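Could you walk me through this structure in my viewer, one selection at a time? I have not seen it before and would like to know where to click and what is there.

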Amino acid sequence: MISMNDTMPPPEGMTSKLEGDILEVSMGPQHPSTHGVFRMNVAVDGEIVVKLKPVFGYLHRNHEKIGENVTYLSSMPYTDRLDYFCSMTNNWAYALTVEKLAGLEVPERAEYLRVILAELTRLQNHASGVGFLISDMGAWGTPLMYAFREREKLLDLFEALAGSRMMCNFMRFGGLRCDAPPGWLDRVRKLVAEFPAFIDEFEALLAGNEILMARSYGIGVVSPELAVSAGISGPMLRASGVNYDIRKVDGYGLYPQLKFRVPLGDHGDCADRMMIRILEMRESIAILNQVLEDVPEGPILDPKSKPRNFKPPEGEAYGRIEAPKGELGFYLISDKKAEPYRYRVRPPSFINLTVLEDMCLGHTIADVMVILGSVDIVLGEVDR
Amino acid sequence: MAAESLEQIKERVEAAVPGASLTLVPNPGPAAQDSLVLDHAHAVEVATFLRDDPELRFDYCSNVTGVDWLDRVEKRKVRVMRVVEGEEREISEMQEERSAGYLEAVYHLYSMEKKHGPIVVRLRTEGRPGLPELPTLPSLTPVWRAAEFQEREIYDLFGINFDGHPDQRRILMWDEFEDHPMRKDYSPPDDYEYEPTPHDAVLERAKENLSRRPDKDGCESIV
């Protein structure tokens, strides 16, 4: 039996329903369903979870300290490694904050390409996120490969654009690193035309599946009040029925001009969190169709930006975007030097884990994996 | 931003919470996100007011983080009148302005109900005591659950105690770790793993560490 650490005594006054002791189990950090190196100290009564404490830090490399010791531009490739599924949105959040800090403008063509890249990122993140969730439920491999087949096509597009499949390092303060190669937008149009067929296929596989329903309906419910208080963001918040999408609220980039709906859940359980992602993929397709209609020609970088000799004026800025996992924010303080005085990342999947214990209490230990899968975490971002 | 300006919010808070004194800190940059510094004694009350007031409703505490401000010496040129060689003349002189360092916790608040924000709320410690003594701030976790992990992170990386936090432990570093790495004066412990014969910069750093904490390094035999 593995003991929890000293600061966390076993639950007192909890009487076992069965005859026997409350067992303390350490799940992870090497567990196929923890999405990386993540550990949970779980106290179980029979199979029922009575206490759960997440343990972080196995992938901690003090990203923020590194960010304070290098120039603003040097942090850009490092943001790729936060949520390594969504490097484009990480780039955008960081670039957006630095643009706020320094008061830079973004050319129109760059805004179009940014929206396209962010929505493509959302497609591949949600597809693989749902795939991993089904994988956690025990459908090992095959459904995930359906999602990964589509994700490969999206990553090919990123590779054609940025030279790297996952570590794109593509955005710059005041624009983008380079323009799209000839024919790239046509490839995107072709993919966007084909993608709904995959969503239909994927949804048909999932929606009526009896095992999946039994494993996810009513599991890990988060009430809207708790979700707001605990700072939950992204699809997980909207699954609880709170209408809050930063694309609508802040209206950054091109989003105020675009028509799209915000899917909301009714119950806030694992099934809702899964279906929200499917519906968001459909809305992303709608956004992409609008943006791809007419991408203007023009420059892709603000000529004032000077990324290689960049010293923003004194001040601070907090910028945030709706990343596929939730609100990704950056907080920067400048003291007129080439390095930020303070560089902070607000990681959505780390803060979404605040309610992990609340979701798991009273469920079986097998449900813990489903609940964790439905939060959609990436440890590169949780531990930083 | 909310319908009210930050000055109006400040006035209303001071009227609603007797005894509270807020300080407005302007942000000189283009982002123009000004902030309010709360006093420790009324911080939880003021935070509860910001959350529950029907006009403001800052129910969503998005980002909580720490900042370490070291002691600063600012040098400025000033013109002063001085008696030089028998006659009074105006000369320029360097003047030093010292400001004591402090640690602070910064909260970015939004409203999900009213869809406005952000306002920036700050809590500042009195001075910057040397380790292992930690400064204390009131915890706002009872008001916004979202601060739970983020205040733990500040405790871990910056070394600020949060009074009233339900479960204050290290979160990213391991429990046995003794320093607070996000502090500006943190120096990493020596690691000779890849340095069979330490020299130059590594040796300098080792000496500095040795003077800082002679019992911890285990590098006495090398230096």
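Here is a short tour in five stops, and please keep in mind that the model is predicted.

**Stop 1: the nonpolar core**

Begin by selecting A:I116 and B:L109. Of the 150 residues in the largest nonpolar core, these two touch the most other members. Now colour helix α4 of chain A, residues 108-136, which gives the most to this core, with 14 residues. There is a general background to such a picture: in soluble globular proteins, nonpolar side chains tend to be buried together.

Stay with A:I116 for a moment. Which residues does A:I116 touch, leaving aside those up to four places away in sequence? Select A:V188, A:L288, A:V291 and A:L292 to see them.

**Stop 2: two helices beside that residue**

Next, show helix α6 (residues 184-207) and helix α11 (residues 270-292), both of chain A. They pack at an angle of about 155°, and their axes are 10 Å apart. An angle over 145 degrees counts as roughly antiparallel, and α6(A) and α11(A) are therefore roughly antiparallel to each other. Their crossing is left-handed.

To light up the contact, pick A:L185, A:V188, A:R189, A:V192, A:F195, A:P196, A:I199 and A:E203 on α6(A), then A:I278, A:M281, A:R282, A:I285, A:L288, A:N289 and A:L292 on α11(A). Colouring by class gives 11 nonpolar, one polar and three charged residues in this contact. You may recognise A:V188, A:L288 and A:L292, which A:I116 touches.

**Stop 3: back to α4(A), with a partner**

Return to α4(A) and add helix α5 of chain A, residues 142-162. How far apart are the axes of α4(A) and α5(A)? They are 8 Å apart, and the helices pack at an angle of about 160°. α4(A) and α5(A) are therefore roughly antiparallel to each other, and α4(A) passes α5(A) in a left-handed crossing.

For a look at the contact, try some of its residues: among them are A:L120, A:L123 and A:F132 of α4(A), and A:Y146, A:F148 and A:L154 of α5(A). The residues of this contact divide into 13 nonpolar, four polar and two charged.

**Stop 4: an enclosed helix**

Now jump along chain A to helix α14, residues 365-375. Is it enclosed or open? Nine of its 11 residues are buried, so α14(A) is largely enclosed by the rest of the structure. The buried ones include A:V368, A:M369, A:V370, A:I371 and A:L372. Then click on A:D376, which follows α14(A) and has a positive phi, near 65°.

**Stop 5: chain B and where the chains meet**

Finally, hide chain A and look at chain B by itself. Chain B has four helices and nine strands, and along the sequence they follow the pattern α-β-β-α-β-β-β-β-β-β-α-β-α. Buried residues make up 35% of the 223 residues in chain B. Among its contacts between residues at least 6 apart in sequence, 54% join residues at least 24 apart.

Bring chain A back and find where the two chains touch: 37 residues of chain A are in contact with 30 residues of chain B. Several elements of chain A each supply at least two residues to this side, including α1 (63-69), α3 (87-102) and β9 (326-334). Select β9(A) here, since that strand gives the most, with five residues. By class, this side of chain A holds 15 nonpolar, 12 polar and 10 charged residues.

Conventions. Residues are numbered from 1 along each chain as its sequence is written. Chains are lettered from A and ligands numbered from 1 in the order in which they are written. This is a predicted model: local features need pLDDT of at least 70, side-chain atom pairs count only at pLDDT 80 or more; totals for chains, interfaces and linings use all residues. A nonpolar core is a set of buried Ala, Val, Leu, Ile, Met, Phe, Trp, Tyr and Cys residues joined through C-beta atoms within 7 Å. A residue is buried if 20 or more other C-beta atoms lie within 10 Å of its own, exposed if 12 or fewer, and partly exposed in between; C-beta atoms are placed from the backbone. Two residues are in contact if their C-beta atoms, placed from the backbone, lie within 7 Å. Ala, Val, Leu, Ile, Met, Phe, Trp, Tyr, Cys and Pro count as nonpolar, Asp, Glu, Lys and Arg as charged, and the others, Gly among them, as polar. Axes are lines fitted to C-alpha atoms, for helices over the stretch in contact, and angles run from 0 to 180 degrees between N-to-C directions. Angles under 35 degrees count as roughly parallel, over 145 as roughly antiparallel, 65 to 115 as roughly perpendicular and the rest as oblique. A crossing is left-handed if the near helix is turned anticlockwise from the far one by less than a right angle, and right-handed if clockwise.
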